[in-house]
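Okay, thanks for coming, everyone. I'd like to walk you through the empty spaces in this protein and the ligand that goes with it. Let me put the structure up.

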Amino acid sequence: MQVWAVANQKGGVGKTTTVVTLAGLLAEVGYRVLLIDLDPHGSLTSYFGYDPDELDNSVYDLFAGDGAVDAALVNSLLKSSSHEKITLIPASTALATLERKAVGQEGMGLQIAKALRHVRQQYDFVLIDSPPVLGVLMVNALAACQQLLVPVQTEFLALKGLERMVRTINMINRARQRKLSFTIIPTFYDRRTQASVQSLRELHNRYAENISSAVIPVDTKFRNASIKGLVPSSMDSGSRGVHAYARLLRSLMEAVDAEVVV
Ligand SMILES: Nc1ncnc2c1ncn2[C@@H]1O[C@H](COP(=O)(O)OP(=O)(O)OP(=O)(O)O)[C@@H](O)[C@H]1O
Ligand SMILES: [Mg+2]
């Protein structure tokens, strides 16, 4: 089972879109995909038609009480989605109360990793949507994943947010035995604008080793898919945006294969 987290300390960079689009592409070739919404805003949860204000069971339950996590608890959180191969552990607004707690709060940093041990046989891929705040939820996402995806809007202000994120990754890596590898995904690219072209160049200059060669263009079809609650590839498999994510996925899969061989 591969676990990928999608995170950036900046909001609105395409994190949830990245999760949903990659999930759709993986599901369409037959992989069993589990999505975990760790964002208190619950955009991923809403995407699939659930209301984060109304849910009785959510990922919050993994952090409640003494933090004990068993298979029955994890299985009680699973929800179906618009795609039969995609399952969701939804967020609820109660998650926001956790965010106020200190980073790396004693004993609560591994709740997601613990939960995933119970579903290892059930899924091929787990994608985690992380909130844009460095708190106990993001720490959980980073601790549970083998690969971190960092979408970055191709504009100058976004580069500052990325610096912060890279500092966080370095901090986390000091505590991990195995270094967390990360892939920067340029998003909202519009080659007609100087801001996009120059900031993409800057990303290549600064983060040559970590930047994805697939660049995600601005594509209004993502919003159309989200209104319908469908994964973008099942709405319009030929769109430029879906093509770019398919290219990204191919390179991520090559990295996974290389790891398995090593
Ligand atoms: N490549 C793109 N082209 C056009 N629109 C996009 C693209 N990616 C995402 N969007 C749209 O931009 C909005 C923000 O994207 P998204 O929700 O994926 O960002 P986010 O990083 O998850 O935001 P937040 O931090 O609020 O959770 C959404 O309405 C989405 O449909
Ligand atoms: Mg989001």
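So, let me start on the inside. The lining of the second largest cavity is made up of nine nonpolar residues, with no polar and no charged ones. And just so we're clear, what you're looking at is a predicted model.

Who are those residues? The second largest cavity is lined by Leu34, Ile36, Leu62, Val74, Ile89, Ile112, Ala115, Leu116 and Val119. If you want to find the spot on your screens, look for strand S2 (33-37) and helix H5 (111-117), since each of them supplies at least two residues of that lining. H5 has the largest share there, three residues. As for volume, we're talking about 30 Å³ for this second largest cavity. How many cavities of 30 Å³ or more are there? The count comes to two.

Okay, on to the pockets. The largest pocket holds about 590 Å³ of space. It has 21 residues lining it, and the ones nearest its centre are Leu110, Ala113, Ala143, Ala144 and Arg176. H5 turns up again here: along with helix H6 (136-144) and helix H7 (156-175), H5 gives two or more residues to the lining of the largest pocket. So keep H5 in mind as a landmark, please. By class, the largest pocket's lining has 13 nonpolar residues, four polar and four charged.

Now the second largest pocket, with a volume of about 410 Å³. There are 18 residues lining the second largest pocket, and closest to its centre you'll find Thr17, Phe188, Asp219, Phe222 and Arg223. The elements giving two or more residues to that lining are H1 and H9, and H1 has the largest share, with four residues. Sorted by class, the lining of the second largest pocket comes out as ten nonpolar, six polar and two charged.

So which pocket does ligand 1 sit in? Ligand 1 sits in the second largest pocket. Two elements give two or more residues to the shell around ligand 1, and they are helix H1 (15-28) and helix H9 (221-228). H1 gives the most to that shell, three residues.

Let's zoom in on the ligand itself. Ligand 1 has 16 residues around it, and the closest are Lys15, Thr16, Thr17, Pro217 and Asp219. Split that shell by class and you get seven nonpolar, five polar and four charged residues.

Then there are the polar contacts, and I've picked out three to show you. In the case of Thr17, an N or O atom of the side chain is 2.6 Å from an oxygen atom of ligand 1. With Gly14, the partner is in the backbone: one of its N or O atoms there lies 3.0 Å from an oxygen atom of ligand 1. Asp219 also uses a backbone N or O atom, which lies 2.8 Å from a nitrogen atom of ligand 1. On its own, ligand 1 has 630 Å² of accessible area, and the protein covers 81% of that.

If you take one residue home, you could make it Thr17. It's among the residues closest to the centre of the second largest pocket, it's among the closest to ligand 1, and its side chain has that 2.6 Å pairing with a ligand oxygen. Okay, that's me done, so over to you for questions.

Technical notes: Residues are numbered from 1 along each chain as its sequence is written. Chains are lettered from A and ligands numbered from 1 in the order in which they are written. This is a predicted model: local features need pLDDT of at least 70, side-chain atom pairs count only at pLDDT 80 or more; totals for chains, interfaces and linings use all residues. Side-chain values use heavy atoms; hydrogens and water are left out. A residue is near a molecule or strand if one of its heavy atoms lies within 4 Å of it. A polar contact is a pair of N or O atoms within 3.5 Å; within protein, one must be able to donate a hydrogen and the other to accept it, and residues adjacent in sequence count only if both atoms are side-chain atoms. Accessible areas come from the Shrake-Rupley method with a 1.4 Å probe; for residues, only the protein chains shown count as cover. On a 1 Å grid over the protein atoms alone, a cavity is a set of points where a 1.4 Å probe fits but cannot get out, and a pocket is an open set with protein on both sides within 12 Å along at least five of seven lines; lining residues have an atom within 4 Å of a point. A molecule sits in a cavity or pocket if more than half of its atoms lie within 2 Å of its grid points. Ala, Val, Leu, Ile, Met, Phe, Trp, Tyr, Cys and Pro count as nonpolar, Asp, Glu, Lys and Arg as charged, and the others, Gly among them, as polar. Grid points are joined across faces, edges and corners, and a volume is the space filled by probe spheres set on the points.
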